[in-house]
Amino acid sequence: MMSDLAGMRRDYEGDALAPENTPDSPLPLFEGWLKKAIETEGLDANAMTLATVDSAGHPHARIVLLKGFDHSGFRFYTNYQSQKGNELAHVPNAAVVFWWPALQRQIRVEGSVSKVDSHQSDDYFASRPRQSQLAAWVSQQSVEIPNRDWMKERLSRFEQVYSDQDVERPPHWGGYLLAPLAVEFWQGQRSRLHDRVRYTRRDEHAQEWHRTRLAP
């Protein structure tokens, strides 16, 4: 079976994508593509691969969920003491990738990362289901644990602690903002001649974006 991997491939046939037909900044195009992805991919549309680098220069990647975006950047939430949290504390740069197979589309975003303000983290945490709120207390993310019973016991303890009150946000849990310096849109095309449009800007405060077509 594994010998068949070399022959596994698909051809693509997507809509045309050209710089002259795209907006001056990447956000309107991203919003349009995400809206279409939600229609086709459903609840997985906001899943993105987040890549970070540790202090030794080793890359690490995992799937997280996009929870908001605007002109300032892209927001996601996690445990600040997790592996990715520690990596972002030492190297505050990251890249994310969205992949929507039904649309034959990919978006890459690269930039600097900072924590969102505590009020924004509080507001999002308050909107989460109660079990998700408790899980933020239960899980010491990325720490080695003996078994699932360890988590069940911790969950039981925190359920007792918050049995008659709202669950407060843990101080080690909150949001990050990825301020983009580059955003690339990829649209699959026939014969591997894919369309790629890349937006770049000087820094996260610059209003002007430069866009160009890249070879596939």
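Here are two short exercises on annotated residues, with worked solutions.

This is a predicted model, in which local features need pLDDT of at least 70 and side-chain atom pairs count only at pLDDT 80 or more, while totals for chains, interfaces and linings use all residues. Residues are numbered from 1 along each chain as its sequence is written, and side-chain values use heavy atoms, leaving out hydrogens and water.

**Exercise 1.** Find which residues the UniProt annotation "binding site" covers, and work out why they do not all gather at one spot.

Step 1. The annotation, from an unreviewed entry, covers Lys67, Tyr124, Arg128, Ser132, Arg192, Leu193 and His194. Such annotations may be inferred rather than shown by experiment.

Step 2. These residues span 128 residues in sequence and their farthest two C-alpha atoms are 43.2 Å apart, so they do not all gather at one spot.

**Exercise 2.** Compare the surroundings of Tyr124 and Arg192: is each one buried, partly exposed or exposed?

Step 1. Take Tyr124, which sits in helix H3 (residues 118-127). Its relative accessible area is 18%, so Tyr124 is buried (under 20%; exposed is over 50%, and partly exposed lies in between, with a 1.4 Å probe and protein chains only).

Step 2. Beyond neighbours within four places in sequence, Tyr124 is in contact with Lys67, Tyr77 and Trp173 (heavy atoms within 4.5 Å).

Step 3. Now turn to Arg192, which is partly exposed at 37% relative accessible area. With the same neighbours within four places set aside, Arg192 is in contact with Arg9, Arg10, Asp11, Tyr12 and Pro216.

Step 4. Finally, look at the side chain of Arg192, which reaches the backbone oxygen of Arg10 at 2.7 Å.

Terms used
Helix = DSSP H or I, 4+ residues; strand = E, 2+ residues; numbered from the N terminus. Polar contact = N/O pair within 3.5 Å; in protein donor to acceptor, adjacent residues only side chain to side chain.
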